[in-house]
Amino acid sequence: MNHAVKRSCPPCGPEPGSGGKKGRGNPVSVQLFPPELVEHIISFLPVRDIVALGQTCRYFQEVCDAEGVWRRICRRLSPRLREQGAGARPWKRAAILNYTKGLYFQAFGGRRRCLSKSVAPLLAHGYRRFLPTKDHVFILDYAGTLFFLKNALVSSTLGQIQWKRACRYVVLCRGAKDFASDPRSDTVYRKYLYVLATREQPGVVGGPGGRACDCVEVYLQSSGQRVFKMTFHHSMRFKQIVLVGQETQRALLLLTDQGGVYFEVHTPGVYRDLFGTLHAFDPLDQQMPLALSLPAKILFCALGYNHLGLVDEFGRIFMQGNNRYGQLGTGDKMDRGEPTQVHYLQRPIALWCGLNHSLVLSQSSDFSKELLGCGCGAGGRLPGWPKGSASFVKLHVKVPLCACSLCSTRECLYMLSSHDIERRPTYRDLPASRATGTSEPSVGTGTSQDPGGAARACEEYLSQIHSCPTLQDRMEKMKEIVGWMPLLAAQKDFFWEALDMLQRAAGGSGPGPTPLES
């Protein structure tokens, strides 16, 4: 059944109601126009308006979804883009990738705490990964091109970090799958950049032809010059690389395409922090990298200076390592020598492990993005929580709608924005046979499997609050508990704002009650 969209021409005769009908236009169908003309006209609309127009009727849905429209939009957004990429809808995917791409930052120091958008390379085909260093920024796009932005960050007269609009950028390499550097921002540690790539290896004389093998290429961050290359066996495929430490004190994690995680540790201090013991530690082990024993397939991971985080195919978050500042988000400050699940937090978009804090980018039930953090809050690295938190709490940061990745240094918090329409939900539902009880108090998990779980969790909450010695400590503990509870984003914001008001009133910094009323 064809759905005709009719539009009446404006009257050119007497006004309606004057008795004459002469000059009234006849209904005109939009479908009478050539499709190429309609697509050409629609392609000049903003992307938001095209999406809204496509939701009005079936005809405009088909027209606004045509590849011809998105090809023209893509040429307008990125006139220097040579290839549209792959996928079922390559032009639409390319246009939306480049429309939503952005790199945002928020400086921790100074008075300004707003989120600012940066200047980024126009040639990039969307943004997939990024890494800011002390002076430079590296950006990986969806075509596998790694861009090197030289001297992109400068300090203002007020001591704040700002973007240099005239920064130069060059192509460091192509065919990259991932890249990493030490999470510390000091140039002493971030001397090299490690790039995981796929390269064609020449075949031996008299043997089969060349094969594509994964390799790790090492570049100098100061100049972008390649100084080393290590090639893996063609049967080994990796998709993510994270590392920490200098050359002689390096901890390395490689994530395979099959969801396995391999680690390599060459110093006893890092090994003790990550695994809680020096048992089986051998810095000269020829079998490195070794495989971590994990219960499920791992989708992505993060590595800090002395702790790590893993996210499996069911959306579960596992933390491991040193927990001196509560950076594991387990609600306490006890070290973990093996992966420990954070039960009250699931299905994150991104995970970041810093020096002594951790960040999680998640999506609430109303599809808005929010940033959660735990660990040390010194220096403003957990906005809104200067004293830090041993549990993941919502940070006072406005997150971009299409944020997909994050990173934090000593001076700034960075977030990457880019939306890929070809990306499907990667998490699977946990089978009932593998669902286990939770060690952390969680109202949401208790109500679904145990009728008395919610009541017991609330009793434990009250016990924790009662054990706090002062009113301020009880307020802080209540804020942490609100972060644990499976509430909507608006509900959590309400409770946190209300607790802040009560805390200020109790401390005498707000319009609190008089002594007589107290």
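Colleague: Are R93 and D420 buried or exposed?

Modeller: Both R93 and D420 are buried (under 20% relative accessible area with a 1.4 Å probe, protein chains only; exposed is over 50%, partly exposed in between). This is a predicted model, where local features need pLDDT of at least 70, side-chain atom pairs count only at pLDDT 80 or more, and totals for chains, interfaces and linings use all residues. Residues are numbered from 1 along each chain as its sequence is written, and side-chain values use heavy atoms, leaving out hydrogens and water.

Colleague: How many salt bridges are there in the whole structure?

Modeller: There are 14 salt bridges (a Lys or Arg side-chain nitrogen within 4 Å of a carboxyl oxygen of Asp or Glu). One of them joins R93 to D420, with the closest N and O atoms 2.7 Å apart. R93 sits in helix α5 and D420 in the loop between β28 and α7, 327 residues apart (helices are DSSP runs of H or I, at least four residues; strands are runs of E, at least two; both are numbered from the N terminus).

Colleague: Which residue forms a salt bridge with K92?

Modeller: D65 does, at 2.7 Å between the closest N and O atoms. K92 is in α5, while D65 lies in the loop between α3 and α4, 27 residues away. D65 counts as partly exposed because its relative accessibility is 29%.

Colleague: Where do K477 and E480 lie?

Modeller: Both are in helix α9, three residues apart, about one turn of the helix. Their salt bridge has its closest N and O atoms 3.5 Å apart, and both residues are buried.
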